[in-house]
Amino acid sequence: MTIDRQTLRKFLLQEEEKHGLGQDMMLLIEDIATSCRIIAHQIRNGPFLDILGAAETENIQGETQKQLDVIANDIFLSHCSNCARVAALVSEEIDNVIWLKDAPKKGDYLVYFDPLDGSSNLNVNLSVGSIFSVVELDEDITDLSNDVVLFKGARQICAGYALYGPSTSLILSTGQGVNGFTHKIGSGEFLLTFPDMRLPQETSEFAINASRFGSWDAPIRRYIEECIAGENGVRGRSFNMRWTASMVAEVHRILMRGGVFLYPKDADNAHMGGKLRLLYEANPMGFIIEQAGGRASTGTARILDVQPTGHHQRISVILGSKSEVELIDSYHAEAGA
Ligand code: AHG
Ligand code: MN
Ligand code: MN
């Protein structure tokens, strides 16, 4: 039995009617959806095309790029430049901000993206994703420097991700809650399969790279030790742990069934500020999680309130079910005090 579901186009037209989404934003979202559909196709055909391995290049962060990092980046670049309102693109894979306009105007868009997240999973055929976010300029720009794109996450007007799993999901927020679409193979369409996603608040599941235990700060260590202590510990119940090394897959699981994701700043990565990038990983995911009723924190501050200092800046990320993130924040506050 097939259920008749709303297409992404129909959904966007309704958002336009209800909230004045705007034609340019509709077009941009459709261009992003197209990028994700093409990337999904490339990934699925990866073993035949021999593109799952490393490229012979490094990105600005010193990471060896996968061929698909480069391919996915090119797909995003070419499609996101279509919309006439897009003034600049900021990608994990490109050193500098790409300015598409000489004189960006108030109302123009900045698009931030991680074209392929979790790419170490590619050659073991596990889930990867793409992350994106849009900010609108609030004034005309005269100086086209990298620093012009350093806006707080609270300024995002649209964010989301695609998850290339057993099916391809597109999760989207334009600030009116979170909606989830699934690519219907063969139709070329994304259909609304998860309307008005809300993050379950009660959780007994956490996600962290536990191999870094020895480098964690005391508040993180305390939280995880208390989870692991189970029924006999202060939490009085058992917790489950998951780690897929793909933030998109992790966030999606948490959105669907609750939980908390941690990639904190620790003794090993503190010199870089953490591991995950603020503008195209932490901010879009923080926006989605908040829009679904969760919380996203560095441990000491709301992620969306952090003033960026660099367009590839890294940051501590703790996000998911509200009560758990609040608890971790309170452990940081106690340790600070
Ligand atoms: P990317 O592939 O875009 O560089 O991001 C990978 C990130 C994120 O997806 C994941 O949560 C984390 O790196 C995994 O880190 P570990 O290798 O420490 O598990
Ligand atoms: Mn990433
Ligand atoms: Mn990436």
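**Manganese ion (ligand 3).** I looked up what holds this ion in the predicted model, and I found that its protein donors are E92 through OE, D114 through OD and L116 through O, at distances of 2.1 to 2.2 Å. Written along the sequence, I noted the spacing of these donor residues as E-x21-D-x1-L. E92 belongs to the loop between β3 (86–91) and β4 (98–99), while L116 is part of strand β5 (residues 109–117), so this pair ties together parts that are 24 residues apart in sequence.

I then checked whether these two residues are buried or exposed. E92 has a relative accessible area of 5%, which is under the 20% limit, so I entered E92 as buried, and L116, at 2% relative accessibility, is buried as well.

**The second ion.** I asked which residue bridges the two manganese ions, ligand 3 and ligand 2. That residue is D114, and the ions lie 3.7 Å apart.

**Ligand 1.** Next I turned to ligand 1, which I found in the largest pocket, where β5, β13 (260–263) and β14 (276–277) are the elements that each give two or more residues to the shell around the ligand. β5 gives the most, with 3 residues. I counted 18 residues around ligand 1, the closest being D117, G118, N209, M247 and Y263.

For the polar contacts, I noted that an oxygen atom of ligand 1 lies 2.5 Å from an N or O atom in the side chain of Y263, and that an oxygen atom of the ligand is 2.8 Å from such an atom in the side chain of D117. At S119 the partner is a polar backbone atom, 3.1 Å from an oxygen atom of ligand 1. Finally, I recorded that the protein covers 85% of the 470 Å² of accessible area that ligand 1 has on its own.

Definitions and conventions
Residues numbered from 1 in each chain as written. Chains lettered and ligands numbered in written order. Predicted model: local features only at pLDDT ≥ 70, side-chain atom pairs only at ≥ 80, totals over all residues. Heavy atoms only, no water. Donors = N, O, S within 2.8 Å, 3.2 Å for Na, K, Ca; no water. Helix = DSSP H or I, 4+ residues; strand = E, 2+ residues; numbered from the N terminus. Buried < 20%, exposed > 50% of the residue type's maximum accessible area, 1.4 Å probe, protein only. Near = heavy atom within 4 Å. Polar contact = N/O pair within 3.5 Å; in protein donor to acceptor, adjacent residues only side chain to side chain. Areas by Shrake-Rupley, 256 points an atom, 1.4 Å probe, with all protein chains shown as cover. 1 Å grid on protein atoms, 1.4 Å probe; cavity = no way out; pocket = protein on both sides within 12 Å on 5 of 7 lines; lining within 4 Å. Sits in = over half its atoms within 2 Å of the grid points.
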